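Trainee: I would like a close look at one part of this protein, the sheets and the helices that pack on them. Please keep the answer connected and add the surroundings where they help.

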Amino acid sequence: MQKTSSRLLALLSLLQTRRDWSGEDLAKRMDVSPRTVRRDIDRLRELGYPILAFKGPDGGYRLDAGSQLPPLLFDDDQAVALAVALQTATASGSGIGEAAARALNTVRQVMPSRLRHRIDMLQVTAVAPSDAHPGAQVDSRVLMALSAAIHAHEELRFDYTPAFPPPPDQDDSAARRQRRVQPHHLITWGGRWYLLAWDLDREDWRTFRVDRLSPRTPTGPRFTPRELPGGDVAAFITGRFRGSDGPGDWPCRGEVILDLPATAVAPYAPDGLVEELGPDRCRLVLGSWSWPGLASAIGRFDADFEVVGPPELKDALARLAHRYADAATGGRTAP
């Protein structure tokens with residue numbers, strides 16, 4: 001028979017794997033008597049684990065959420081995953097870097113030596129995106145307030161600072177606009193936090209930078225969540241940031257034949273379609289937020305190419321050619 005300490009850890013691990021366990025199932029899995037299971041449940045409760053007993057044909061147990069955090073049990077892979085997540089938390093923009101460092105130190109202290117050695121070897125440097133700056137850090141309390149409203153389906157009111165600063169003769173407080181929304185999702189994109197919500201005044205879906213909003217209390221009435229167009233949050237947000245109205249592809253999309261092998265193009269066109277046409281030629285279908293942007297993206301491959309279409313791409317290439325020629329000669333040519 002297992003020692004009591006080992007048996008308690010095994011029992012706790014089972015209780016964490018699913019919501020409800022009957023006493024008989026636990027006894028069979030632990031290879032002990034139902035009486036031993038009851039005694040071990042009492043010992044875990046004394047250690048601070050909130051284990052509820054429920055009635056039924058066989059009776060059973062459930063590991064419930066408690067008001068205090070008791071000792072946690074992780075397997076090796078979970079412990080390593082937790083340590084990696086805590087090390088990279090500083091780049092999340094959620095303002096929890098210092099707390100994450102303290103949590104990592106706490107977890108490390110209670111790890112077995114074999115896991116502590118693995119964690120010490122796994123040193124991760126989390127680099128924030130280039131556009132991240134101290135002003136973009138989000139108060140974790142704001143994130144919790146937004147999450148609570150999303151979960152409860154309660155309307156939100158908040159003051160929102162626009163992207164561009166107000167004129168010198170306008171007070172900062174006057175530029176902040178109060179918004180009323182039905183919150184839907186919290187999203188991270190490019191190192192920033194965004195709130196996806198239905199704007200009640202504009203009657204449309206909107207995304208708001210969380211570091212620019214200040215929630216007002218109390219929250220508004222409950223609402224029935226609307227169905228997001230397309231049903232896929234990631235696809236919808238990707239479409240919005242690409243410039244399309246809701247889910248969808250890039251608003252500008254073109255096709256060219258490049259005098260480069262497909263293997264040389266594919267790593268630099270993650271959002272594109274690359275088709276091999278020969279050892280030194282490939283077809284590239286690529287999208288962008290604008291036609292000049294698409295023309296510039298194709299030009300970066302530094303190779304001869306043929307435009308398959310559409311005409312808007314050819315026009316954009318011609319405009320860029322004139323612009324680059326002006327820059328190279330120091331003069332201006334006819335448009």
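How many helices and how many strands does the protein have?

Mentor: The model is predicted. The protein has 12 helices and 12 strands. Of its 335 residues, 34% are buried. The exposed surface of the protein comes to about 20,300 Å², with 53% of that supplied by carbon and sulfur atoms. Among contacts between residues at least 6 apart in sequence, 56% join residues at least 24 apart.

Start with the sheet of 3 strands. This sheet is open, its strand order is 1-3-2, and the pairing is antiparallel. Strand 1 (20-22) and strand 2 (51-54) are the edge strands; each has a single partner strand, so one side of each has no neighbour in the sheet. On average, and ignoring direction, neighbouring strands here are turned by 30 degrees against each other. Strand 1 is joined to strand 3 (residues 60-63) by 3 bridges, and the two run antiparallel. One of the residues involved is Asp20, whose bridge partner in strand 3 is Arg62.

Two helices pack on this sheet. Helix 1 (residues 4-17) touches strand 1, strand 2 and strand 3, and its direction makes about 80 degrees with that of strand 3. Helix 3 (residues 34-46) touches strand 2 and strand 3, with its direction at about 140 degrees to that of strand 2.

These helices also pack against each other. The angle between helix 1 and helix 3 is about 85 degrees, and their axes are 10 Å apart. Angles of 65 to 115 degrees count as roughly perpendicular, and helix 1 and helix 3 are therefore roughly perpendicular to each other. On the side of helix 1, the contact is made by Thr4, Arg7, Leu8, Leu11, Leu12 and Leu15. Helix 3 contributes Thr36, Val37, Asp40, Ile41, Arg43 and Leu44.

Ahead of helix 3 comes the loop that connects it with helix 2 (23-30), and Asp31 lies in this loop. Asp31 is not a glycine, yet its phi is positive, about 60 degrees. Its relative accessible area is 67%, so Asp31 is exposed.

Now the sheet of 5 strands. This one is also open, with the order 7-6-5-4-8 and antiparallel pairing. At its edges are strand 7 (204-209) and strand 8 (213-215), each of which pairs on one side only. Neighbouring strands in this sheet are turned by 50 degrees against each other on average, direction ignored.

Within this sheet, 5 bridges join strand 4 (residues 156-160) to strand 5 (residues 177-189), and these strands run antiparallel. Arg157 stands opposite Arg180 in strand 5. Strand 6 and strand 7 are joined by 6 bridges and also run antiparallel; in strand 7, Thr207 is the bridge partner of Leu196. The hairpin of strand 6 and strand 7 has 4 residues between the strands, and Glu203 in this hairpin takes a positive phi near 50 degrees.

Helix 7 (residues 140-152) lies across strand 4, strand 5, strand 6 (192-199) and strand 8, and runs at about 100 degrees to strand 5. The loop between helix 7 and strand 4 holds His153. His153 has a positive phi near 55 degrees, in a residue other than glycine. With a relative accessible area of 29%, His153 is partly exposed.

Beyond strand 8, in the loop that leads to helix 9 (233-242), is Pro218. A cis peptide bond joins Thr217 and Pro218, with omega about -5 degrees. There is another cis bond from Gly309 to Pro310, where omega is near 5 degrees. Pro310 lies in the loop between strand 12 (305-309) and helix 12 (311-329).

One further strand adds to the surroundings. Strand 10 (residues 273-278) contains Glu276, which is exposed at a relative accessible area of 58%. Leaving aside neighbours within four places in sequence, Glu276 is in contact with Ala262, Arg281 and Cys282. The C-alpha atoms of Glu276 and Leu260 are 9.3 Å apart, with their positions 16 residues apart along the chain. Cys282 is buried, at 0% relative accessibility. Cys252 is buried as well, with a relative accessible area of 8%. With a cut-off of 2.5 Å between cysteine sulfur atoms, the count is 0 disulfides.

How values were computed: Residues numbered from 1 in each chain as written. Predicted model: local features only at pLDDT ≥ 70, side-chain atom pairs only at ≥ 80, totals over all residues. Heavy atoms only, no water. Buried < 20%, exposed > 50% of the residue type's maximum accessible area, 1.4 Å probe, protein only. Pairing = 2+ DSSP bridges. Axes fitted to C-alpha atoms, helices over the stretch in contact; angles between N-to-C directions. Contact = heavy atoms within 4.5 Å. Areas by Shrake-Rupley, 256 points an atom, 1.4 Å probe, with all protein chains shown as cover. Parallel < 35°, antiparallel > 145°, perpendicular 65-115°, else oblique.
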